[in-house]
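This report describes selected side-chain interactions and backbone features of one protein structure. The sequence and the coordinates are shown first.

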Amino acid sequence: QVQLVESGGGSVQAGGSLRLSCVASGSFFRINAMNWYRQAPGKQRELVAAITSGGSTTYAESVKGRFTISGDNAKNTVYLQINSLKPEDTAVYYCNADVFTTILRRNDCWGQGTQVTVSS
């Protein structure tokens, strides 16, 4: 079992910043990648940023230059620094991990989500 716990969400004004954290715990062999998704009301869940265990990162076009994903492999933790927040960034942000729970078994794991609300 792998547990992902997010923290750091909240309510901020436009232009503000937040730092989200996600810690993976439990029993697993290796984490391949950790990702941040978000889901706004009435919209589909979308990938906003991803980081591999080797440190390679990718971003959605809508967040490039404002969001920064980083990771600490030793702590099994991924961070999402969100700057210059816009009202359209309002969503529940979910942590996702691509995990080998055993040397042969690969799982897609999700956290419970953390709410980010941006007011204009």
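A charge is taken to sit over a ring if NZ of Lys or CZ of Arg is within 6 Å of the ring centre and within 35 degrees of the ring normal. The model discussed here is predicted.

**Charges over rings and the aromatic cluster**

The charged end of Arg45 sits over the ring of Trp110, at 4.7 Å from its centre. Another arginine, Arg19, lies over the face of Tyr79, with 4.0 Å to the ring centre.

Trp110 also takes part in aromatic contacts. The search of the whole structure yields 2 aromatic pairs. One of them joins Tyr94 and Trp110 in an edge-to-face arrangement, with 6.5 Å centre to centre and 80° between the planes. Tyr94 belongs to strand 9 and Trp110 to strand 10 (residues 106–110), so this pair ties together parts that are 16 residues apart in sequence. Tyr94 is buried, because its relative accessible area of 15% falls under 20%. Trp110, in turn, has a relative accessible area of 34% and is partly exposed. Together with Tyr37, the residues Tyr94 and Trp110 form one aromatic cluster.

**Arg38 and its surroundings**

Arg38 is part of strand 4 (residues 30–39). With a relative accessibility of 7%, Arg38 counts as buried. Which side chains make polar contacts with the side chain of Arg38? The partners are the side chain of Glu46, at 2.7 Å, and the side chain of Asp89, at 2.9 Å. When neighbours within four places in sequence are left aside, the residues in contact with Arg38 include Gln44, Arg45, Val48, Phe67, Ala91 and Tyr93. Arg45, named among these contacts of Arg38, is the residue whose charged end sits over the ring of Trp110.

**Positive phi outside glycine**

Two loop residues are listed below with their backbone angle, location and accessibility.

| Residue | Phi | Location | Relative accessibility |
|---|---|---|---|
| Asn76 | near 50° | loop between strand 7 (67–72) and strand 8 (77–82) | 25%, partly exposed |
| Ser84 | about 50° | loop between strand 8 and strand 9 (91–100) | 42%, partly exposed |

Asn76 has a positive phi although it is a residue other than glycine, and the positive phi of Ser84 likewise occurs in a residue that is not a glycine. The loop that holds Ser84 lies between strand 8 and strand 9, and strand 9 is the element that contains Tyr94 of the edge-to-face pair.

Methods
Residues are numbered from 1 along each chain as its sequence is written. This is a predicted model: local features need pLDDT of at least 70, side-chain atom pairs count only at pLDDT 80 or more; totals for chains, interfaces and linings use all residues. Side-chain values use heavy atoms; hydrogens and water are left out. Helices (H or I, at least four residues) and strands (E, at least two) are DSSP runs, numbered from the N terminus. Buried means under 20% relative accessible area, exposed over 50%, partly exposed in between (1.4 Å probe, protein chains only). A polar contact is a pair of N or O atoms within 3.5 Å; within protein, one must be able to donate a hydrogen and the other to accept it, and residues adjacent in sequence count only if both atoms are side-chain atoms. Contact means heavy atoms within 4.5 Å. Rings of Phe, Tyr and Trp (its six-membered ring) pair if their centres lie within 6.5 Å; planes under 30 degrees apart count as stacked, over 60 as edge-to-face and the rest as tilted.
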